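The following exchange is meant for a reader new to this structure. Each answer sets a value against the meaning of a term.

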Amino acid sequence: MKRLLGMEMIEKGLLEEMGLELNLKPWATDGGTHFWEVPKTAFRSVYDDQPNAHKKFMEKLDACIRNHDKEIEKMCNFHHQGFVDAITELLKVRTDAEKLKVQVTDTNRRFQDAGKEVIVQTEDIIRCRIQQRNITTVIEKLQLCLPVLEMYSKLKEQMSAKRYYSALKTMEQLENVYFPRVSQYRFCQLMIENLPKLREDIKEISMSDLKDFLESIRKHSDKIGETAMKQAQQQKLFSVILQKQNNVKFGKTIYINDRIPEERNEIVLKPVFEEEDENEEEVLTVQDLVDFSPVYRCLHIYSVLGDEETFENYYRKQRKKQARLVLQPQSNMHETVDGYRRYFTQIVGFFVVEDHILHVTQGLVTRAYTDELWNMALSKIIAVLRAHSGYGFPVNRLFDLLFEIRDQYNETLLKKWAGVFRDIFEEDNYSPIPIVNEEEYKTVISKFPFQDPDIEKQSFPKKLPMSQSVPHIYIQVKEFIYASLKFSESLHRSSTEVDDMLRKSTNLLLTRTLSSCLLNLIKKPHIGLTELVQIIINTTHLEQACKYLEDFITNITNISQETVHTTRLYGLSTFKDARHAAEGEIYTKLNQKIDEFVQLADYDWTMSEPDGRASGYLMDLINFLRSIFQVFTHLPGKVAQTACMSACQHLSTSLMQMLLDSELKQISMGAVQQFNLDVIQCELFASSEPVPGFQGDTLQLAFIDLRQLLDLFMVWDWSTYLADYGQPASKYLRVNPNTALTLLEKMKDTSKKNNIFAQFRKNDRDKQKLIETVVKQLRSLVNGMSQHT
């Protein structure tokens, strides 16, 4: 029992045994036993209601307690043996646990004693590893630094040895390769800061050497000119000697049986060659007289430093100053011939040096620069000679020389403009010029004299028929006329002579230079059919513009074109030849394109039945031809018609050759029918008038040979063919017996799977006899033709 807040907690069973029936409320449970809350009045009733109730209650309670004690004892007895066994096991384990504790303690002590030495050794190893790593790091850093130091030492040695160009290259290597590796070190920063100063030192030293060089060649220009003139004289003498030698050889062929003339000529020429050898030993070259290394060195140095333009400008400016000094005559030059000789040798020496610089350097001296100096020199020379000609020195031969120089100058111009024309053609897109608005239209018209009322009426945007190269070429021809005029004006010739010079030079430009560039352009592999069509259109407009070029020259020289001796421009013949070449190239490329399509043909020559539609390659070819002939609408009608007829004829020939190919051994009737479908498509294409202007069925006649041959085999009308052969009205007049025989033999039965009569196997023998009969008749016909021939 339990007591809680004045409440009695007893077991319900006990109450029932005592005969108490009370209204009890469950209060708690303990492992399956229920406890109930009993009010205090219930116990009071036990004492009050029955006599000896208390005694009875206590007896019952003692009995209940004894029962519970027995149950408890039974449970304890039941679990006692297990408890004893557990205690016994624990006692045994205690002994082993004490032993294990002793062993663990001893093992731990021994491990601690042994680990002390290991710890000491490990600490030593760690310390050594750290030292080793530090040493490796130092070695790596030193390996990075040593090449830098070696290169910098090499740089110092190159500077000391005055190898400045090599020193600049070394600086580039240091900056681009070596310094980035060690940029974190202070010594590297000091080196980097020192490089700009070294570069400036090199520039100053090289410029000083250049100034010394310029001063040296200024002093020795007369000697250089004299040497060059001697060399020119020797070259002329050598040419004479070679001509004499050729004459000796010619004399030998005449007197082949007489040795006397040959020996005499050899005796005469021997002293001449010996004299020439002596002269060659005496005369020095310009390289022997002048050391050009300062120029090369300075040019290389400034190029490496990226300041090449500054060096070029300085060199040209100084040389122009020297040119003016050389061209300035001395006051007493006219008194002696030596004065004139020295004056001209200085000029020649100056230009010999410039010519050498022009050919051995790239960009330091340009052809335009030397031409400018030469024009200045000519003007000054003419002025000097005119000023001193009153002293009795004739200058006519000099003017003759100037005319020869003018011709050479024109040749130089022609070469230059050939390059200009090539560049224009390379940059052209070979498409009509698109015009978006009125401003663009006026810009093009201002450059090129184009007039077309139909195009002028069109609204914007619109296209001009020629491509961009046409106005560019027209402008460049005018520029050429200006350049040629600039030289001719300095000759102080009459307007008529200047007009004649300009027209002749322009004719050379058109007939030789521009024509050659056009022909080379037309032959280039990357120029296709569309480009060739555009080239023909361009040449037509350039030809029409020639009259405006004539007017342009007339406005410059004020010489009327109606003058009897006025030279006409040959633009008509020039551009006509170019057009003819382009037309021929169109025919060739068109045929080549047809061949490419035909090579894609993949016939099954043993097929039993046709596909019922034309071959894919042929339809692609016809579509291609249609698109190309659409482009040809801008060409003159005759050109387009010729190209169309040529293409159809070439296609017909290619198809015929395919049938008669010697490597093709067998053809079935199904293949012939398929081939016939393709030829029908070709005929439909020809009848659709792809190019306007053909009369009737003219274009279809290109396929007449194929049509009659295929009709003969499709209808199998051999009796008519053999009977009417040779008659003008024959239905198969265009079928050659040899062609028919070749194709028929390919169709003979060869005992293969697909023969021409496979669908009529009952009549194979009769059909085979018929074919053999026709073959014999055709062979006899062919043999008769051969004998007649």
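**Confidence and cavities**

This is a predicted model; the chain has a mean pLDDT of 79, and 79% of its residues reach 70 or more.

Q: Where in the chain is confidence lowest, and where is it highest?
A: Strand β1 (residues 2-4) has the lowest confidence, at a mean of 36, and helix α22 (residues 669-687) has the highest, at 92. Over residues 1-9 the pLDDT is below 50, although this stretch has 19 contacts in the model beyond near neighbours in sequence.

Q: Why should coordinates not be read in detail where pLDDT is low?
A: pLDDT is the predictor's confidence in each residue, from 0 to 100. Where it is low, the predicted coordinates should not be read in detail. Residues 750-760 also stay under 50, and the model gives them 18 contacts beyond four places in sequence.

Q: What makes a space in the structure a cavity?
A: A 1.4 Å probe fits there but cannot get out. The structure holds three cavities of 30 Å³ or more, and the largest has about 50 Å³ of space.

Q: Why is the lining of the largest cavity counted as having no polar residues?
A: The lining consists of I473, Y474, V477, L510, L514, L542, A545, C546, L549 and F575. Tyr and Cys count as nonpolar, as do Ala, Val, Leu, Ile and Phe, so the lining has ten nonpolar, no polar and no charged residues. Helix α18 gives the largest share, four residues.

Q: What makes the lining of the second largest cavity partly polar?
A: Among its lining residues are S469 and N538. Ser and Asn are outside the nonpolar and charged lists and therefore count as polar; the division is seven nonpolar, two polar and no charged.

Conventions:
Residues are numbered from 1 along each chain as its sequence is written. This is a predicted model: local features need pLDDT of at least 70, side-chain atom pairs count only at pLDDT 80 or more; totals for chains, interfaces and linings use all residues. Side-chain values use heavy atoms; hydrogens and water are left out. Helices (H or I, at least four residues) and strands (E, at least two) are DSSP runs, numbered from the N terminus. Contact means heavy atoms within 4.5 Å. On a 1 Å grid over the protein atoms alone, a cavity is a set of points where a 1.4 Å probe fits but cannot get out, and a pocket is an open set with protein on both sides within 12 Å along at least five of seven lines; lining residues have an atom within 4 Å of a point. Grid points are joined across faces, edges and corners, and a volume is the space filled by probe spheres set on the points.
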